[in-house]
Amino acid sequence: MLPDIHDLLESLPSHAAVLDRAGLLVASNTACLELLREIDPDMGPGRPFGASCAKMLTQPVGAAVQEGISAVLDGSLPRYEMDLPCGCVSAQTWRALCITPLHGAFPGALVTLADISRQKQLEEHILHDAFHDTLTGLFNRALFINRLDQAIKRLKRSPKALYAVLYLDMDRFKLVNKTFGHVTGDRLLMVIANRLQKQLRELDTLARFGGDEFAILIEDIAGLEDACSMAETVLRQLAQSFRLKKQEIFVTCSIGVVLGSAAYEHPDQVLRDADNAMYSSKEHGGDHYTVFDAGMRVLTQRRMEMELALRHAMESGEITVHYQPIVSLTSGEVTGFEALARWQHPRQGLIAPSEFIPIAEETGLINELGALILRQSCRRLVELLRANPDCGDLTLSVNISGRQFKRPDFVDEVAAILAETGINTQLVKLELTESVLMDDADEAVRTIKRLKALGVKVVIDDFGTGYSSLSYIQRFPFDSLKVDRSFVGNMNEAEQNMEIVRAIIAMAHKLGLEVVAEGVELAEHRTALSELRCESAQGFFFSKPVPGEELDLLMRKHWKDDATSRL
């Protein structure tokens, strides 16, 4: 029988041995015997298998193996399996131990030891990737949430176990990628991670959430002062220059700070509030930290409700267009209109654009909203001119947001709307602010040229509030320029303000641009602008923005800028 057992064991792919009911070695294949003799040179038939096997294991593991062998042999366990770490840490191998009882003519047990080192390495690699960021080597969101969950539970058990979360977002990091390339951007993120890690204690947790966002969990702190101190340290450290391949780069970050409390039940609640506080820091211009307060949560809830209501408003027709006349300062006649979005809420009444336009920008609804306003206003002008053929060539000015302008299909969408409404493209003016153009000036120039090829005119809006310079204006093929209302409204208050408006108008004329002044509210404004040879103006002095249905009445009156007929 033994030769048959030996042949059978040799045919097995793993290390294998047969034990009798006393746990003594009866037979084994060559591979198993060589392995055991590396630990116990005297190992052979008749020797206790468990004792020899335990010599290559740590004491607790070796004892567990011997107990497992005994339990299978005495029938208390139907089978015993265990993954064994063998050897020292630096040269560790893993073997899967399996002990199966043998019955019948030869009672005892079959023992197999399969090499699973490769499998274990793969499992460790997968486990590491599951909880670590591949770029920086830091913990990732999943592990951070796990640690934060433990901190929340600790605070529930012990009110003195305070923690805080710092949520970081790098300011204008997209500009780094655009300027230096994504490879340099990735290297910078790795250096940032290393610099942040050096500021932490051993018990703190730093994680990268993806992109240029990081989070820090600091535990066992005395209170909010410790969290703020950490935030100040992070801002100070990141404000120092980074040098990558002889290239000096400066970055800052925005931080939201949340101090743990018994009110938090789940990590998502903490991160939500930290994210809200971080965005508040962004609104302060970056390089800033903000401590969360309950008012921010109310504001966020309000914005979420507003977003849902805005989506409904665009579908249900609550979004309409009002039109503010643009007046020739030479003839006093209306030469065009600026289309302005208005939201007539069924319960809240008229909602100011300053409240819903930023939300539309943040959520991406501005693309749909912008297209809606352009389509509605083009249709209305076509109707107006058809009903009033003697009104001349009234123009239509429509504001274009940055998100709209940067869409790859933006020009195609404009072309489709112009064709759909049948408007004379020469009457359409698209208004862009300076900040919209500066993220990628070269691409902006190409987009403007494509728009002008459609026949529309392009206007720089709110001039003077952004990156204004002569070289900047020369670079973009604008048709006209709008002087921002902040300059117009203050020009009669001080000579310096008047000189600024004078300089803007003179510069525009030298570049061949027409000028429209915004925010004209007083007769003194109109008179001063006329003396400065400004072509056109708009503002409450002439007319407030009016609903589309009132345009026919306005044009039938052949409205001109005089005291008797002004709306």
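Student: Near what value is the positive phi of glycine 23 in the hairpin of β1 and β2?
Tutor: This is a predicted model, in which local features need pLDDT of at least 70 and side-chain atom pairs count only at pLDDT 80 or more, while totals for chains, interfaces and linings use all residues. Residues are numbered from 1 along each chain as its sequence is written, and side-chain values use heavy atoms, with hydrogens and water left out. Five residues lie between the two strands of the hairpin. Glycine 23 takes a positive phi there, near 85°.

Student: Which residue of β2 stands opposite alanine 17?
Tutor: Strands (E, at least two residues) and helices (H or I, at least four) are DSSP runs, numbered from the N terminus, and two strands pair if DSSP finds at least two bridges between them. β1 (residues 15–19) and β2 (residues 25–28) are antiparallel and share three bridges. Opposite alanine 17 stands serine 28.

Student: What is the bridge partner of valine 18 in β5?
Tutor: β1 is also joined to β5 (residues 108–115), by five bridges, and the two run antiparallel. In β5, valine 18 has as its partner leucine 110.

Student: Which strands are the edge strands of the open sheet β2-β1-β5-β4-β3?
Tutor: This sheet has five strands with antiparallel pairing. The twist from one strand to the next averages 20°, with axes taken as lines fitted to C-alpha atoms (for helices over the stretch in contact) and angles running from 0 to 180 degrees between N-to-C directions. The strands that pair on one side only are β2 and β3 (80–86).

Student: What angle does the direction of helix α4 make with that of β3?
Tutor: Two helices pack on this sheet, where contact means heavy atoms within 4.5 Å. Helix α2 (residues 30–39) touches β1, β2, β4 (93–102) and β5, and its direction makes about 85° with that of β1. Helix α4 (residues 59–73) touches β1, β3, β4 and β5, and its direction makes with that of β3 an angle of about 155°.

Student: Why is one side of β7 and of β12 left without a neighbour in the sheet?
Tutor: The open sheet in question has five strands in the order β7-β8-β6-β11-β12, with mixed pairing. Neighbouring strands are turned by 20° against each other on average, direction ignored. β7 (205–210) and β12 stand at the edges, so each has a single partner strand.

Student: Which residue of β8 does arginine 208 stand opposite?
Tutor: β7 pairs with β8 (residues 213–219) over five bridges, in the antiparallel sense. Arginine 208 stands opposite phenylalanine 214.

Student: Which element gives the most to the lining of the largest pocket?
Tutor: The volume of this pocket is about 1900 Å³. On a 1 Å grid over the protein atoms alone, a pocket is an open set of points where a 1.4 Å probe fits, with protein on both sides within 12 Å along at least five of seven lines, and lining residues have an atom within 4 Å of a point; points are joined across faces, edges and corners, and the volume is the space filled by probe spheres set on them. Of its 38 lining residues, the closest to the centre are Lys174, Tyr279, Lys282, Glu361 and Glu362. With seven residues, the largest contributor is α10.

Student: What angle does the direction of α10 make with that of β11?
Tutor: α10 packs on the sheet and touches β6 (163–170), β7, β11 (253–259) and β12. Its direction makes with that of β11 an angle of about 140°.

Student: Is glutamine 538 buried or exposed?
Tutor: Glutamine 538 is in the loop between β21 and β22 (546–547). Its side chain is joined to that of glutamine 324 by a polar contact of 3.0 Å (a pair of N or O atoms within 3.5 Å; within protein, one must be able to donate a hydrogen and the other to accept it, and residues adjacent in sequence count only if both atoms are side-chain atoms). Buried means under 20% relative accessible area, exposed over 50%, and partly exposed in between, with a 1.4 Å probe and protein chains only. At 1% relative accessibility, glutamine 538 counts as buried.

Student: Which residue's backbone oxygen does the side chain of threonine 421 reach?
Tutor: Threonine 421 belongs to helix α15 (residues 410–421) and is buried at 11% relative accessibility. At 3.4 Å, its side chain reaches the backbone oxygen of leucine 418.

Student: What is the positive phi of arginine 533?
Tutor: Arginine 533 is in the loop between α21 (523–531) and β21 (536–537), and counts as exposed at 60% relative accessibility. Although this residue is not a glycine, its phi is positive, at about 65°.
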